[in-house]
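Subject: Structure handover

Hello,

Here is the structure for your files. Notes on what was found in it follow below.

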There are 2 protein chains.
Amino acid sequence: MSNAKESEELLTQFLEEVWNTGNIDASDKYVASKYTIHDDPGDPWEGQELDLAGYKERVRVSRAPFPDQCFTIQDVLAEANRVMITWLWTASHRGDIPGFPATGKNVKMSGATVYYFDGGRLTGHWQITDRLGVYMQLRQGMAGA
Amino acid sequence: MSNAKESEELLTQFLEEVWNTGNIDASDKYVASKYTIHDDPGDPWEGQELDLAGYKERVRVSRAPFPDQCFTIQDVLAEANRVMITWLWTASHRGDIPGFPATGKNVKMSGATVYYFDGGRLTGHWQITDRLGVYMQLRQGMAGA
């Protein structure tokens, strides 16, 4: 039903509304009833199939230490049922994560994600993030605290 | 000149011939005279613009510790001038890298790359790899040695 441009616009709105603004219940508009995290090293939900409640919980837990986080799309290639993006992420580290008590430090990360669509809803993703880069920044933040 | 399918096939051949097989001089057929590494955290050449000799040196140095390395394309989205892939990488750790003397251990990694084309030649890339995952595997290899 949807074409490449529509899928790209849907993904852009989803990232802005749900992940950047933190309107977690807006997931209802974007996320399918089953959402599969195919590959996402370091993500606690990697390999899982989430229902909508599970997906919202993932957003909530992921955003909690970084409440002002912002994903900026760097590049995009879109088909109707797959949209691949590279992105930059910035955030300040306001809450504890395992091994890293809140540092207040501004951190940034880059990553790439393929989002899968079916019938205008997101059904899963395959993602790589430079998690080592974030750990290195947080470690510096702790040393400097 | 080239379309999406041609660019995808060119990239597949390039990865197989140059990076997997290690026929480094075959870079002449695929790589432009200027190749820019836009973003590639952990890559020693990140941010640099390489000439063909510099590109070949990068392949040589990168492959040396992992001579049997193999990239397998997992997913691909192609346009004429951009091809985005997700990939899996396997290798055995046969040579020293900074901080990690050769362990002999089999390691694997996932990553995503956008390759840029112009006139049927590769002009650069934007890449994310799960380098932390590799370090964790190598550290286990050293502990178990």
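**Sheet, helices and symmetry**

Ile73(A) stands opposite Trp87(A), which lies in β4(A). This is a predicted model, in which local features need pLDDT of at least 70 and side-chain atom pairs count only at pLDDT 80 or more, while totals for chains, interfaces and linings use all residues. Residues are numbered from 1 along each chain as its sequence is written, chains are lettered from A and ligands numbered from 1 in the order in which they are written, and side-chain values use heavy atoms, with hydrogens and water left out.

β4(A) covers residues 82–92 and runs antiparallel to β3(A), joined to it by eight bridges. (Helices, H or I of at least four residues, and strands, E of at least two, are DSSP runs numbered from the N terminus; two strands pair if DSSP finds at least two bridges between them.) The open sheet in chain A has six strands in the order β2-β1-β6-β5-β4-β3, with mixed pairing. Its edge strands are β2 (49–50) and β3 (70–78) of chain A, each paired on one side only.

Helix α1 of chain A (residues 4–20) packs on this sheet and touches β1, β3, β4, β5 and β6 of chain A, contact meaning heavy atoms within 4.5 Å. The direction of α1 makes about 170° with that of β3(A); axes are lines fitted to C-alpha atoms, for helices over the stretch in contact, and angles run from 0 to 180 degrees between N-to-C directions.

A turn of 180° and a shift of 0.0 Å along the axis lay chain B on chain A with an RMSD of 0.0 Å, superposed by least squares on the C-alpha atoms of residues with pLDDT of at least 70 in both. The two copies are therefore related as by a two-fold rotation axis.

Regards
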